[in-house]
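Colleague: I should be grateful for a close look at one part of this model, namely the place where two of its chains come together. Please set it out for a first-year student, and then place it in its surroundings.

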Amino acid sequence: MLSVVLIPLLPLLAVLINGVFGRKYLKESAHYFAVGAVAISFILSISLLMQMMSGAMPIDVTVYSWVFGGGIDIPIGFLIDPLSSVMLMVVTGVGLLIHIYSIGYMHGDEGYYRFFTYLNLFMVSMLLLVMGDNYLVLFIGWEGVGLCSYLLIAFWFEKESAIKAGTKAFVVNRIGDAGFLIAIFLIAQQFGTLNYLEVFDRAHQLSTGMATAIALCLFIGAIGKSAQIPLYTWLPDAMEGPTPVSALIHAATMVTAGVYMVVRNHAIYDLAPIAMTVVAVTGGATAIFAAPIGLVQTDIKRVLAYSTVSQLGYMFLGCGVGAYAAAIFHLVTHAFFKALLFLGSGSVIHALGGEQDIRKMGGLKAEIPVTALTFLVGTIAIAGLPPLAGFWSKDEILGMAFKGGHPVLWLVGMTGAFLTSFYMFRLFYVTFTGETRMEPAVAHHVHESPSVMTVPLMILAGLSLLGGVLLGFPPEQGWLHDFLAPMIAGEGAEAHHDFEIVDLALMAGSVLVALAGWWTAYTMYVRKPELAPFWAARFRGAHTLLLNKYWVDEAYDAVFVEPSKRLGRAWGVFDRIVIDGIVNGVGRLTTSGAWLSTWIEKYILYGFLNVIGYSNHLGARVLRRLQTGYVHHYAFIVVVGLFLMVYVILWWHGDNFSGLLVPR
Amino acid sequence: MTLDQHLLSIILFAPFAGAIILIFVSGERLTLVRTIAAVSSFISFAASVYLLYAFDYGRGGFQFLEQYEWSKDLGISFFLGVDGVSVPLVLASSLLLFAGIFVSWHIEDRAREFYIFLLILASATIGVYVSLDLFFLYFFYEMSVLPMYPLLGVWGSHTKGYLEMKDTAKRDSLAFIFNFASNSKEYAAMKLTLFLSAGAVVALLGILLTYVGTGLHTFNLIELQGHEQQFTPFLRSAIWLLLFFGFASIAPLWPMHSWSPVGHAAAPAAVSMLHAGVLMKLGHFSIIRVGYWLFPQTTKEWAGLIAILCVFSIIYGGLVAFFQRDTKYVIGYSSSSHMGYIFLGMAALNMISMTGAVLYMFAHALATGMLFAMAGFVYDQTHTRDIPSLGGLGRKMPFIMGAFVIGLMASVGLPGTVNFIGELMVLAGSWEPYPVQTVIAVVGIAITLAYLMRMFMGLFLGEMDPKWAHVHDASPIIDRLPLLIMIFGSLYFGLFPTQFIHVISSGVQPILEQIHSAGAVAAARGGG
Amino acid sequence: MMQEMFAAQQIGFSLLTLVTFLPLAGAVLIWAIRDTGWAWRIGLGVAAADFLLSLPLFFMFTLDSAAMQFVEHYSWIPSLGISYHVGVDGISMLFVVLTTMLGLLIVVYSQGVITGRVRGYLMALFALQTTMLGVFVSLDLVLFFLFWELMLIPSYFMIRLWGGEGREYASIKYVLYTLLGSVLMLVGIVILYLQHYRFASIHHLSPALSFDLMDLLRTPMALDVQMLVFVFLFFGFAFKTPIVPFHTWMPDVLLAGPIAMSVILAGIKLGTFGFVRFSLPLAPDASRAALPVMMVLGLIGILYGAYIALMQADFRKLLAYSSISHLGYVALGIFALTYQGIQGGLIQMINLGITTAGLFFFAGFLWNRRQTLTIAEFGGLAKGMPLLATFFLIIIFSSIGLPGTNGFIGEFLILFGAFKAHWVYGASGVLGVILGAAYLLWFYERAIFGKVTKPANENLRDLSPRELAIALPLVALIFWIGVYPSPFLHRINGSVDALYMRLNRTATMAAGLQTEAAGAVVPPATTGYEEPR
């Protein structure tokens, strides 16, 4: 229990320490706390994994009541089961490596302490995300990683593009979050609780319609976080952040949160076939949609970014066809090789003093051999060549798609696989082989990264080499499947499936496709380098389309961003002119009424009286001698009044007339 | 106890006595003159405070009766007495008189005569409130108007634009006809006296018809009461309307109000205070004392008319006040607007609203008294009442500014002032019979705030014209005393109005009982 | 809601009265002492003392209770049924503490800023504080109205005398707007009063005349009467809140008034408090009937404010419209009439008192350095002012409603509550969440991030200790409520529970009264007052 709580708590303490004391006191030694905390978390995670492997029951720890009242009690609580322990391993393990790597990469940066603070804050959020025992804790992590993503993308806050990318990432993520929130509301309304175990226990009570609604809303969240169509545009831009960030957040952990979430909620998805189809189709579409862009990108990190989008598509494809374990498997392997690739690219960038354009690289193999070698391992792994990690996991997803009766999706996946292999080898060849195209000033300083950076690369390369076999061999029955089985049991086809000839055929197909990609890249970029510009010129339209990323960003700007701004401006004017105008108009109406009343007062009421007065006055001017004032008017009336009074009295009491004057 | 037996006489005649003494004092001896005026008014004031607390509201009815036969044959007697309705008004009159003496402290031009007239004015007003004989009620009523003429004509001031109108070339123009010398104090005085006398004559006709109609040979209000059924319905209504419009012209009810702002504007501060504070309430009071008291059933029939006219008063007065440049015009129109609330309360014919109306009369006396006193003070300092040419005086006279805020609060009826209690009760009472009028009336409150704030800002905020560099705050205690008294009264009775409410409701209750039981009797008769 | 725990038993002395009137006493003291230096000292002392005195309210509050606590009840104007009746429950207690805290922070802030007419400023500030506290603690409607109206006077002077450009217009607009609303509200109060009188005199209840909230809550009312009451009270509260389309005073005042006034107006949510305290419990059936209208108004407010905020070139205007947007959320939560909605609405009102107030303080910090708040004038502040940038960002994220900050708790509960009322309300409200992030981050991007483009921004000093003293408690509260809101929820829940029950009670009690209400215009008072003896 304590160890469970400590896992996110330690990085949080590191955040506090670095955040408060970093700027003044810790400065360049900020990483001690940061790395130390993550390392301990990693060790604790291992112990938890061991516990799970030994077949212990899931651990559900409630720390304290967070939001409660009105029949709902949402605690801060953690759930450790096979799925979350696997995720813990990925997060803390890869996270630790990237932390270590960052010591070298960020060395000398002004915001060193700040970087580690953010990075640890990210760890906290990500750990909450995967460890939470209810949707709201998941959501804390969910938004928390978004926040850290924002902070880290905009880490170099003087760089215009970085800031814009950060804001974009946050806002686009929020769109997904809105869907996620609605899903949470639906779940809370349906079940009266947000605890996973309770929800999944009673999930079968849901109607199909409701299950579909919840599943789709959850998936909107996943789309945002995991950069799927149509909300993927933030991820390539997010490459503006420091490279370890790209590795950790935008490849290995945060972006896979959507996959984790879908797998976690498989109990609901299983009830909603339509939602499953949507997930599968979205995944497939993203896989095939993003990959071609990778073909033409010239920024080393952007190629990887589109590759990530594409790979995440595979994971969702897996989820959508019910291959949850395969999806998680791919998540894990992808974490290995994509982190490796990113860190490798970081090493390149580091070596080249910040250069990211592959057109200005080439022939780096000799200059930075460790990086080149490990990068090659990553490339082969992602390309899907056996026996490296990517092969096993990707093949499993594709196999499941085919056998699950989704040949179109399988075909899409295969095409994607070809493209992946092609652009990744392209990247490798252009960067590391051939003639150097470096600018002389840069070339002069090229150096291999320090060991604090290369060791993580090597570890990751090892994992990319062996991880697939260790975790997922034999296919569909590997260790990971068995481990996750209790968690995602009952899905028939997956649990006990004999290895058949069709599987072998599919595997062979995959290998062939990957090799074809390799061969094509080799032909175009090594053997006949003139081919690349030729094809580009030949298919100018397509090339331009890809180069501009299908103009999706521009389209979004035109359809959503600009209209919003215009609406804001228009409403601002409306507010000032119409609404405020009404208020002021009422005021003016009142003053107009006041003016009218004053006019009436002056010219009608006064006027009426004054005309009488004036005739009097004229009379007075005639009788000049009496014009000493108007007392006489008054006196006159008083006298008349009193006379009248006396007269009436006397008239009424005529008989007393004499009595009044002459006493009887 | 002898004091109690003659309490009303003391209140009534102390100022009179002061006036008479002043006749024999040399006008040169200013301090003596002022002291005599102050002492005599203080006696009256103190006695009325005593009256408020000595009044036995548990018993109700008319108390502190004093009756002296005057003419047996005509049925006239000098008959004094107060009920819950008159007590607060007596207090208001004597309080404003006392305050007014100090407000006028710096008058040096024929001060003796001024004080004589002022004392007569106030005591005549008190006379109306304490008379239980119609003859003397009318007598005091007329007498209260009388001193207004010299007070305006001699000590008043011309209002803005007066000089333009002296231009002889313009004298025969059409504009002149429509705006006939309306800026001179003589005009104001004339208009005021003419108007009020005309109203008085109309009311007098009603009084005489009543006298004649009952055939009781008496002007004694108590004896006259309960004979409404002797009149034919037509005659009854005719008398009631004569009384109503006759008295309402002093109140002033729209559209008979046009004398009032001019009168306020031309008058010296103390006179404006008394005028707006208590003289105008003679109208309401007399309607209640004569119209309501003698013709309860007719009152019930005609109450709707009051409710309609009062709304015009409120809104129209408020709107016109908005565009006035002259401080006193603003307050004057505001007063005539606020009289509408009193009429609304009177129209609703139930305990809470009638009590509220009477309480509001008292409250308004204090609020408007404060405002007029301050407008007067500013005028004394700057010799102008033109709002646009003033401004920024707040720095020079913080005390006056602070007091003005309280006066504004009171006038708007913000809680904490006695006006609020009155307003609240009027609204509470009139909501059920007249919901629409009630809502319009509350909107009128917002209008009140608008023009008073406009005036406040115009006087005290903004840039100060360098030519007002010499003005100073009300620093001697003499200058502050009247304001402090009124502020204290307004806030004290705003926070602790209980005594007042008990006293007033004890006076209102019998009147309403008459109105509603008379209706019941009539209904029963009609049914049978 | 009906039970009362008296201060005499809970704490032994008149704590609420003391807390409420201490600032006023401070104002009088400052008036009496004609020395500016001493005025600050006294001001700081009084504000701190008031805050400390209000803390027992928080800590000695009986948890999960719907009862009115720390109640004091004295007869005041018995002949009209007005009493001095004060007390706090879960709905109001937190606001009292919030007000005293903000009061203290404002004095701390002002001490570094205000140089002219110091005594007047402090007096206005303290008078304002007393009236605001009075509004929160009053349990008698006339007493409430007293404080409510008197608030106008110090507010007016604050805006008019210590404001910036356009203060004349803004001050007048504010005062007239609010007064118009509140006089209409007075009609609503009067209707309640008459209803109670009628009910009490038929059933021979005592007291027959009462403005006391507790008595009025016991009075059943027919739906049509409730509607009237609701509509009239609506004017008062909606103008003050402000609910779109009655909001146009807000941008003007927040722009022209002094920072202190902006903090108060944006931070202390009197209008929405009025809805929860009076409209909902007194007119529950009418509230239910008004639900769609109010929810739509809330939604309009959220989107309308957010869109306009998006395009503002001035930070304070942006904040003003964002306040309007946030108040839309609060309205959305409250009028969902669900448990979480009301709970979230209350929490969010507290949150805004911390967050929006904090943003205005920061606007003040920026203003004090540059004398402008045009966003384009800034840029690149993060470089030279890391502390400011950090705290600013935390507060912005609280305003956006990021989990872990207070804003999330409020927003989540509100949206969930709205969702429970009808999914459309919840789902539409969620859309505002996106916009909220957009306009604030865009601001931050332009003003704080980026390169220093204006030479004037080059050597700005970072937060001073005084400014830190303001920012730190706010940030601490942001995280406290965000991470461990339990103490707050335990204080709110009891009252929310009672209110929720009341709102969802069927209107059977009102049925009996229908006939009476429909009866002819019988002036209620022909039988006279309840005589005191």
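Modeller: Across the interface of chain C and chain A, five salt bridges are found in this predicted model. One of the pairs that joins these chains is D580(A) with K173(C), whose closest N and O atoms are 2.3 Å apart. This pair crosses from helix α25 of chain A, which covers residues 552-622, to helix α8 of chain C, which covers residues 167-202. A further pair is formed by the side chains of R576(A) and D252(C), with a distance of 3.1 Å from N to O. For the whole structure, a search over all chains gives 31 salt bridges.

The charged pairs are one part of this interface, and its extent can be described as well. The size of an interface is often given as the accessible area lost when the parts come together. For chain C and chain A, the buried area is about 4900 Å². Of this area, 71% lies on carbon and sulfur atoms. In terms of residues, 58 of chain C are in contact with 51 of chain A.

Chain C also meets chain B. Here 45 residues of chain B touch 45 residues of chain C, and the two chains bury about 3900 Å² between them. Carbon and sulfur atoms account for 80% of that area. The count of salt bridges between chain B and chain C is one. In it, the side chain of R198(C) meets that of E432(B), at 2.9 Å from N to O.

Chain C takes part in both interfaces, and the packing of its own helices deserves attention. Helix α2 of chain C (residues 15-32) and helix α5 of chain C (residues 118-137) have axes that come within 8 Å and cross at roughly 165°. That angle makes α2(C) roughly antiparallel to α5(C). The crossing of these two helices is left-handed. On the side of α2(C), the residues in contact include L16(C), V19(C), F21(C), L24(C), I30(C) and W31(C). Among their counterparts in α5(C) are R119(C), L122(C), M123(C), F126(C), L133(C) and V137(C). By class, the contact of α2(C) with α5(C) comprises 14 nonpolar, five polar and one charged residues.

A second helix pair of chain C is formed by α4 (residues 93-111) and α16 (residues 339-370), which pack at an angle of about 5° with their axes 11 Å apart. The angle makes α4(C) roughly parallel to α16(C). From α4(C), the contact involves L94(C), F95(C), L98(C), L102(C), L105(C), I106(C) and Y109(C). From α16(C), the residues taking part include L346(C), M349(C), I350(C), I354(C), F361(C) and F365(C). This contact of α4(C) with α16(C) has 14 nonpolar, three polar and no charged residues.

Chain A offers a helix pair of its own. Its helices α15 (residues 324-351) and α17 (residues 389-403) pack at an angle of about 155°, with their axes 9 Å apart. The two helices, α15(A) and α17(A), are therefore roughly antiparallel, and α15(A) passes α17(A) in a left-handed crossing. In α15(A), the contact is made by A326(A), A327(A), F329(A), H330(A), T333(A) and F337(A). In α17(A), the residues include W392(A), K394(A), E396(A) and I397(A). Divided by class, the residues of the contact of α15(A) with α17(A) are seven nonpolar, four polar and two charged.

Finally, some loops of these two chains have notable backbone geometry. In chain A, the peptide bond from I229(A) to P230(A) is cis, with omega near 5°. P230(A) belongs to the loop between α8 (208-225) and α9 (234-237) of chain A. The loop between α8 and α9 of chain A also holds A227(A). Phi of A227(A) is near 55°, a positive value in a residue other than glycine. In chain C, the peptide bond from V244(C) to P245(C) is cis, with omega near 10°. P245(C) is placed in the loop between α10 (223-240) and α11 (249-256) of chain C.

Methods: Residues are numbered from 1 along each chain as its sequence is written. Chains are lettered from A and ligands numbered from 1 in the order in which they are written. This is a predicted model: local features need pLDDT of at least 70, side-chain atom pairs count only at pLDDT 80 or more; totals for chains, interfaces and linings use all residues. Side-chain values use heavy atoms; hydrogens and water are left out. Axes are lines fitted to C-alpha atoms, for helices over the stretch in contact, and angles run from 0 to 180 degrees between N-to-C directions. Helices (H or I, at least four residues) and strands (E, at least two) are DSSP runs, numbered from the N terminus. Angles under 35 degrees count as roughly parallel, over 145 as roughly antiparallel, 65 to 115 as roughly perpendicular and the rest as oblique. A crossing is left-handed if the near helix is turned anticlockwise from the far one by less than a right angle, and right-handed if clockwise. Contact means heavy atoms within 4.5 Å. Ala, Val, Leu, Ile, Met, Phe, Trp, Tyr, Cys and Pro count as nonpolar, Asp, Glu, Lys and Arg as charged, and the others, Gly among them, as polar. Buried area is the accessible area (1.4 Å probe) that two parts lose on being put together, summed over both. A salt bridge is a side-chain nitrogen of Lys or Arg within 4 Å of a carboxyl oxygen of Asp or Glu.
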